[in-house]
Amino acid sequence: MDTEKIGFIGLGNMGHPMAKNLEKAGFPLYVFNRTIEKTEDFNEKSIVCNTVSDVVKNSDVIFTMLTNDEAVKAVYEEILTQNVTGKLFVDMSTISPEATSGISSAVKIKEAGFIDAPVAGSTKPAAEGTLIIMVGGEEKDLQRAKPYLEKLGKTIKHLGENGKGIAAKLSVNYFISTIYQGLAETILFSDKLGIERKDMLEIINESASGSGATKVKTPLLIEDSYPAAFALDLMLKDILLAKNAGADFPLSKTLIETYQAAHDAGWGKDDVIGIIQFLSKNSQVKS
């Protein structure tokens, strides 16, 4: 296992720091990203590949971290044109359970291993290697991937067969989407009542209502600036995936309506807590 070569396909906001952690750990690393600029700082210690096929040909364990169903399906269609017998694929993307099921079946037909291993956390824990990794797949495949996953996350939770990792991820993000809309509405309410944001957020974070989710967004709310650690558009995508997977509840309808409207109004590229900008312009709370 020490001599296995690692591939990483997809160097977006999350994928880049994750691949960097594998590189820092000293694993032989082959990387590919469609936008070549994101591979520039891998040139010294790792091999930058020109195609997905080059990564797969040269690697034993291949990580994929892509944006949506369409991107993941397209990459695996290319991957599965090759001989992949004996290789292990670790998809860390957040996609639909249906897409995961189809891809895992197709990979196994080609006599390769597959685990779905989406993560909880944003760019900071990705850089720190403190993500929470939710795994669906066979135990033997998890054990093979574990030395590498341990460089990416602080917790690795095996939840059952393929698709269970994605199921847990969609559940987590559904919950977080409710937290962030609720937090944004609460801050706007306290703003209207004349409470300083810094004071209100300190109360929230020091009380039972606080959490890691509220604490990590506190600086953005105080500064009223929302550079994306996890973009609002990605949360909208995940809420819609959860809805399609069966999260058909009163809150899901409200969440989809609000996040979709915020996207339509132009805030989709901002951080997810930037939902406060849309809510502020559409608030019914009276001062």
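**Figure 1. Met200 and its contacts in the predicted model.** Met200 touches Ile187, Ser190 and Ile195, leaving aside residues up to four places away in sequence. The model shown here, as in every view, is predicted. Met200 is found in helix H8. With a relative accessibility of 16%, Met200 counts as buried. The cut-off for buried is under 20%. Along the chain, 13 residues separate Met200 from Ile187, and their C-alpha atoms are 7.3 Å apart.

**Figure 2. The largest nonpolar core.** This core has 32 residues. Ile187, Leu221, Tyr259 and Ile273 have the most contacts inside it. Six helices are listed as giving two or more residues each: H7 (164-192), H8 (197-206), H9 (212-223), H10 (232-244), H11 (250-267) and H12 (275-281). H7 provides the largest share of this core, seven residues. In soluble globular proteins, nonpolar side chains tend to be buried together.

**Figure 3. Ile187 and a second core.** Ile187 touches Arg197, Met200, Leu201, Ile204, Leu221 and Ile276, not counting residues up to four places away in sequence. Apart from the core of Ile187 lies another core, of 29 residues. Phe8, Met14, Met18 and Phe27 are among the residues of that other core.

**Figure 4. The buried side of helix H6.** Helix H6 spans residues 139-149. Which of its residues are buried? They are Asp141, Leu142, Arg144, Ala145, Tyr148 and Leu149. These residues cover an arc of only 165 degrees around the axis, so they lie on the same side of H6.

**Figure 5. The largest pocket.** Its volume is about 1000 Å³. The lining of the largest pocket consists of 37 residues. Closest to the centre of this pocket are Gly12, Met65, Leu66, Thr67 and Leu234. Helix H3 (69-79) and H10 each supply at least two residues of the lining. By type, the lining of the largest pocket divides into 17 nonpolar, 11 polar and nine charged residues.

**Figure 6. The second largest pocket.** This pocket holds about 360 Å³ of space. It is lined by 16 residues. Gly121, Ser122, Ile176, Tyr180 and Val216 are the closest to its centre. Strand E7 (119-120), H7 and H9 each supply at least two residues of the lining. Which element gives the largest share of the lining of the second largest pocket? H7 does, with five residues. The lining of the second largest pocket comprises 10 nonpolar, four polar and two charged residues.

**Figure 7. Gly129 in a loop.** Gly129 is found between helix H5 (123-128) and strand E8 (131-135). Is this loop residue buried or exposed? Gly129 is buried, at a relative accessible area of 13%. Gly129 touches Asn21, Lys151, Leu152, Gly153 and Lys154, not counting residues up to four places away in sequence. Gly129 and Asn50 are 79 residues apart in sequence. In space, C-alpha to C-alpha, Gly129 and Asn50 are 27 Å apart.

**Figure 8. Two residues with positive phi.** Most residues other than glycine have a negative phi. Glu111 has a positive phi of about 65 degrees, although it is not a glycine. Glu111 is found in the loop between helix H4 (97-109) and strand E6 (113-116). Its relative accessible area is 56%, and Glu111 is exposed. Asp224, also not a glycine, has a positive phi of about 55 degrees. The loop between H9 and H10 holds Asp224. At 49% relative accessibility, Asp224 counts as partly exposed, because the exposed class requires over 50%.

**Figure 9. Glu202 on helix H8.** Glu202 is found in helix H8, as is Met200. How does Glu202 count by accessibility: buried, exposed or partly exposed? At 45% relative accessibility, Glu202 is partly exposed, whereas Met200, at 16%, is buried. Glu202 and Asp270 are 68 residues apart along the chain. A distance of 24 Å separates the C-alpha atoms of Glu202 and Asp270.

Notes:
Residues are numbered from 1 along each chain as its sequence is written. This is a predicted model: local features need pLDDT of at least 70, side-chain atom pairs count only at pLDDT 80 or more; totals for chains, interfaces and linings use all residues. Side-chain values use heavy atoms; hydrogens and water are left out. A nonpolar core is a set of buried Ala, Val, Leu, Ile, Met, Phe, Trp, Tyr and Cys residues joined through side-chain atoms within 4.5 Å. Buried means under 20% relative accessible area, exposed over 50%, partly exposed in between (1.4 Å probe, protein chains only). Helices (H or I, at least four residues) and strands (E, at least two) are DSSP runs, numbered from the N terminus. Contact means heavy atoms within 4.5 Å. The arc is that of the directions from the helix axis to the C-beta atoms. On a 1 Å grid over the protein atoms alone, a cavity is a set of points where a 1.4 Å probe fits but cannot get out, and a pocket is an open set with protein on both sides within 12 Å along at least five of seven lines; lining residues have an atom within 4 Å of a point. Grid points are joined across faces, edges and corners, and a volume is the space filled by probe spheres set on the points. Ala, Val, Leu, Ile, Met, Phe, Trp, Tyr, Cys and Pro count as nonpolar, Asp, Glu, Lys and Arg as charged, and the others, Gly among them, as polar.
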